[in-house]
Amino acid sequence: MRKALMLIARRASTVAQNSPSPVTNSKLFVAGLSWSVDEKSLKDAFSSFGEVSEVKIIYDKDSGRSRGFGFVHYSDEEEAKRAKDAMDGKALLGRPLRISFALERVRGAPVVVPRLSHMEDAFNSDS
DNA sequence: TATGAGCGT
């Protein structure tokens, strides 16, 4: 009985770590940017709420134009929360900003290439 | 130059 509750609690915490629902990250997803906004102007627009460690704006590969959204990294999560509450809905360069917490993007996630060098022999020897 | 919700190497 107690063990079942413990298992449920452990599973709930695991789900909470993997689900991006109310996860207050220190990274903000900033959308609604004007296409003339670059990372510099975005940084000093957000650096008045805390220490901005990194700013990245996503640009389109072939047009070179900004895709209208970017990411603002804060060194502290409370600063990110305050900046979100302060800047969400407000306008930068005439465009209203849509700010939410960034969902955790892990680099190298879809790279699943297990060892199959020893299986190549079995595939090649079927002549 | 036309565009306007969204989650990035």
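User: Which base atom of DNA strand B lies 3.2 Å from a backbone N or O atom of Gly 68?

Analyst: A polar contact is a pair of N or O atoms within 3.5 Å; within protein, one must be able to donate a hydrogen and the other to accept it, and residues adjacent in sequence count only if both atoms are side-chain atoms. In this case, the partner of the Gly 68 backbone atom is a base oxygen of DNA strand B. Please note that this is a predicted model, in which local features need pLDDT of at least 70, side-chain atom pairs count only at pLDDT 80 or more, and totals for chains, interfaces and linings use all residues. Residues are numbered from 1 along each chain as its sequence is written, chains are lettered from A and ligands numbered from 1 in the order in which they are written, and side-chain values use heavy atoms, with hydrogens and water left out.

User: What lies 2.6 Å from a backbone N or O atom of Leu 33, and what lies 2.7 Å from a polar side-chain atom of Ser 100?

Analyst: For Leu 33 it is a base nitrogen of DNA strand B. Ser 100 likewise faces a base nitrogen of that strand, here through its side chain. The elements that give two or more residues to the surface near DNA strand B are β1 (27-31), β2 (52-59), β3 (66-74) and β6 (98-101). Helices (H or I, at least four residues) and strands (E, at least two) are DSSP runs, numbered from the N terminus.

User: How should the surface near DNA strand B be read, and which residues come nearest?

Analyst: A residue is near a molecule or strand if one of its heavy atoms lies within 4 Å of it. Of the 21 residues around DNA strand B, those that come nearest are Leu 33, Trp 35, Arg 67, Phe 69 and Ser 100. The surface divides into 10 nonpolar, 4 polar and 7 charged residues. Here Ala, Val, Leu, Ile, Met, Phe, Trp, Tyr, Cys and Pro count as nonpolar, Asp, Glu, Lys and Arg as charged, and the others, Gly among them, as polar. The largest share, 5 residues, comes from β3. On the DNA side, 15% of the atoms within 4 Å of the protein belong to sugar or phosphate, and the rest to bases.

User: In what order do the 4 strands of the open sheet stand?

Analyst: Strands of a sheet pair through backbone hydrogen bonds, either parallel or antiparallel. Two strands pair if DSSP finds at least two bridges between them. The order in this sheet is β2-β3-β1-β6, with antiparallel pairing. β2 and β6 are the edge strands, each pairing on one side only.

User: How many bridges join β2 to β3, and how many join β1 to β3?

Analyst: β2 and β3 are joined by 6 bridges; Val 52, for example, stands opposite Tyr 74. These strands form a hairpin with 6 residues between them, and Gly 64 in the turn has a positive phi of about 75°. Between β1 and β3 there are 5 bridges, and Val 30 has Gly 70 in β3 as its bridge partner. A further 4 bridges join β1 to β6, where Ala 31 is partnered by Arg 98.

User: Which strands does helix α3 lie across?

Analyst: Axes are lines fitted to C-alpha atoms, for helices over the stretch in contact (heavy atoms within 4.5 Å). Angles run from 0 to 180 degrees between N-to-C directions. Helix α3 (residues 77-87) lies across β1, β3 and β6, at about 155° to β6.
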